[in-house]
Each structure stands twice: as C-alpha cells, then as structure tokens.
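Good morning, colleagues. I should like to take you through a few local features of today's structure, beginning with one helix and its surroundings.

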Amino acid sequence: MGVPNTNDGTDRPPRLLHGMSFVTPADLPDWSAGPRGTAAEIAAAIKAAGYEAYQCLDPAIATDAGLIPTGLIRVFDDVGQMRDAVKARRDAGCDCTTAHLGTGFESDDEMLRLAEAMLDIALTERHPVYLETHRATMTQDIRRTLDLIERLPELRFNGDFGHWYIGHEFTYGDMEMKFAALRPVFERTRFLHLRLSSNAFGQVTASDPAESRHLDYYKRMWIAAFEGFLRSAGPGDYIAVHPELLPARAFYPKMVPGPDGVLREESDRWTEAAFLIAVAEQCFDAAKQALAS
C-alpha cells in the first residue's frame, strides 16, 4: 500500500491545488509586486491572490489566514524525530508533509531504513508524507533513488526536480533515455515544488523566452507527474503545486544590475509564481487530455 493521495474529504473530481511556499514571498525587494510586512500580512495577501495552501514553518499562520497549512520536515537519521515531526504537522492541521531525509552520504541500506520508517509513519499516523527529491539529502542521486523505488515501490514523492536538473547537468546527454528512466518517479509524484533551474543556475526566470528550452523539459516532467497522480486519483484527491522561488540570500536566483546599477534579483518572484501556476494548469489539462485519448 502506497502513501495515500492528499484528499479534501469531498466528492469533487481529482484536481490541481494552488499553493505557495513560504520562501517565495520571503525578503521580496521594494520593486516587487508582492506583499511585504508581517508573516500574518503576507499570508493574508497569499490568500487574497487566490492561493489555497501555504507551506510554512508555522502552520497556524496559514490557518489564521484561511489557507490550508502544509508541512515540511528535515530529518537526518533519527526515526523518532521523524515520527514526532509528522505527528506535530498532522495535529496542526497540515494536509500533507514533504520530507528532506538524510544527507546523501547514506549507504543503500541506510536509505532503505529511513524510507521504510517514513512509509510506516505516514501510514500509521494517517498523514501523507512525500519524500522530496533534493540535493544534500538521500535522494540527490537519481540512480540511487530509482534503486530505492525498486526496493520500496510504495513511496510517494514531492518532485522538486530542479535539484536533479542542475545536479545531474540534465541536458548533457540523452534526454529521451532520462525521461524514460524517470518514469517510476513521475508515476509516484504527489506534490510539486515549482521552480526552474538550468544546467548552471539553481533558479532561472521561467517566463523569460531565453529559458524556453528548459521550461519545455520541465513541462514534460510536470505533465508526466500529473498523469501519474490522475491514474490513481479518486474523489476529493488533489495534487498540490507550490512555487518555491528562493531569495537572493539563498544564492539561487541570477543577480543582474538594476536601474540604479546595484545588483538585484533577475525577476519578481511574486509574478513568476503566478506564471508557474498558470503553466502547471496547462500541464494538468494536458495530462487529463493524454489520459482521455
């Protein structure tokens, strides 16, 4: 039995849910169209912009703003800590939790131990936990992640595919082979962090026509992930997409000279988030059409 899909308890058809990661509105510059202010004011602005969920460190901030709280955890090797963290997110009303596990230095057996524990916790605590594809964690290597799926096919994932795209210099080599090899991950993806990287930059401007080659590849990955979700989805199920665009202090975005000559982020993370949501909607529609044909 796999980790269940996230579900809203209704009988509505499977759908795409628009969420927001807390890092996207963090430290927005003065020229951004997005909100600034207290954590509560930012959450209220996210709600007013039409988002339904908020992945942040304090679930109460999301709940108070009328948003669905979404959990996130970082666990190195302590299974007890993992269970306590998941229970805390569940009890705080989170719809699901994404997990960074390990460091990338684990043996295959150590990876399996952590993954088995995560699966057991998700099922026994009745709370969806999705293993995130992320550098500096045990899923940083594609081949080892695929091997883990062979040993534990019940796993489900948060696809933060930008980490693999830059970490494996993705477009260097046979792309069709890579998409085919990644099918087991796409089939098991139940949550997405939306961000584009290139082979050299951790975060690029998705709306920039110069990045269209990369955007096209991400769209293929997102469509494949939505198809994987829809094949198993039932009434009330949804797959959440959360733009996760990091601020300058994280050294992810490109920095370019602004009108005053001072270096600044290449694009407005707030408007880029809306662009990524629109792209995800197009991909979700494409996935539905592909399965209907």
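Let me begin just after helix H3, where Gly93 takes a positive phi of about 95°. Please bear in mind throughout that this is a predicted model.

The helix itself spans residues 79-91. Its 13 residues reach 18 Å from the first C-alpha to the last, close to the 18 Å expected at 1.5 Å a residue. At the N-terminal end, Asp78 acts as the cap, with a side-chain oxygen lying 2.9 Å from the backbone nitrogen of Gly80.

Which residues of H3 are buried? They are Met82, Ala85 and Val86. Seen down the helix axis, the buried residues of H3 fall within an arc of 95°, so they line one face of the helix. The general geometry is familiar: an α-helix has 3.6 residues a turn, so residues three or four places apart point the same way. The face of H3 turned away from the buried side carries the exposed residues Asp84 and Asp91.

What do the buried residues of H3 pack against? Their partners are strand S4 (68-75), strand S5 (97-101), helix H4 (108-124) and strand S6 (129-132). Met82 appears again in the largest nonpolar core, which has 82 residues. Together with Tyr54, Leu101, Trp222 and Phe226, Met82 touches the most other members of that core. For Trp222, leaving aside neighbours within four places in sequence, the contacts include Phe161, Leu192, Leu276 and Cys283, and also Arg195.

I turn now to the cysteines. The structure holds zero disulfides. Why do Cys56 and Cys94 not form one? The sulfur of Cys56 has its closest cysteine sulfur in Cys94, but the separation is 7.7 Å, which is too far for a bond. For Cys96, the closest cysteine sulfur is likewise in Cys94, and at 8.1 Å that too is too far for a bond. Cys56 is buried, with a relative accessible area of 6%, and Cys96 counts as buried at 1%.

Next come three charged residues, taken in sequence order.

Arg15 lies in strand S2, residues 15-21. Is Arg15 buried or exposed? At 12% relative accessibility, Arg15 counts as buried. The side chain of Arg15 makes polar contacts with the side chain of Asp8, at 3.5 Å, and with that of Glu52, at 3.0 Å. Not counting residues up to four places away in sequence, Arg15 also touches others, among them Phe229, Asp237, Tyr238 and Phe284.

Asp160 sits in the loop between strand S7 (157-159) and helix H6 (162-167). Asp160 is buried, with a relative accessible area of 0%. The side chain of Asp160 makes a polar contact with the side chain of His193, at 3.5 Å. Beyond four places in sequence, the residues in contact with Asp160 are Glu132, Thr133, His134, His193, Arg195 and Glu244. Arg195 thus touches both Asp160 and Trp222.

Finally, Arg220 is found in helix H9, residues 212-232. Arg220 is partly exposed, with a relative accessible area of 36%. Leaving aside neighbours within four places in sequence, Arg220 is in contact with Glu176 and Phe179. The side chains of Arg220 and Glu176 are joined by a polar contact of 2.9 Å. As for His100, 120 residues away along the chain, its C-alpha is separated from that of Arg220 by 24 Å.

Thank you for your attention.

Definitions and conventions:
Residues numbered from 1 in each chain as written. Predicted model: local features only at pLDDT ≥ 70, side-chain atom pairs only at ≥ 80, totals over all residues. Heavy atoms only, no water. Helix = DSSP H or I, 4+ residues; strand = E, 2+ residues; numbered from the N terminus. Expected span 1.5 Å × (residues − 1). Buried < 20%, exposed > 50% of the residue type's maximum accessible area, 1.4 Å probe, protein only. Arc of directions from axis to C-beta. Contact = heavy atoms within 4.5 Å. Polar contact = N/O pair within 3.5 Å; in protein donor to acceptor, adjacent residues only side chain to side chain. Disulfide = S-S within 2.5 Å. Core = buried A, V, L, I, M, F, W, Y, C linked by side-chain atoms within 4.5 Å.
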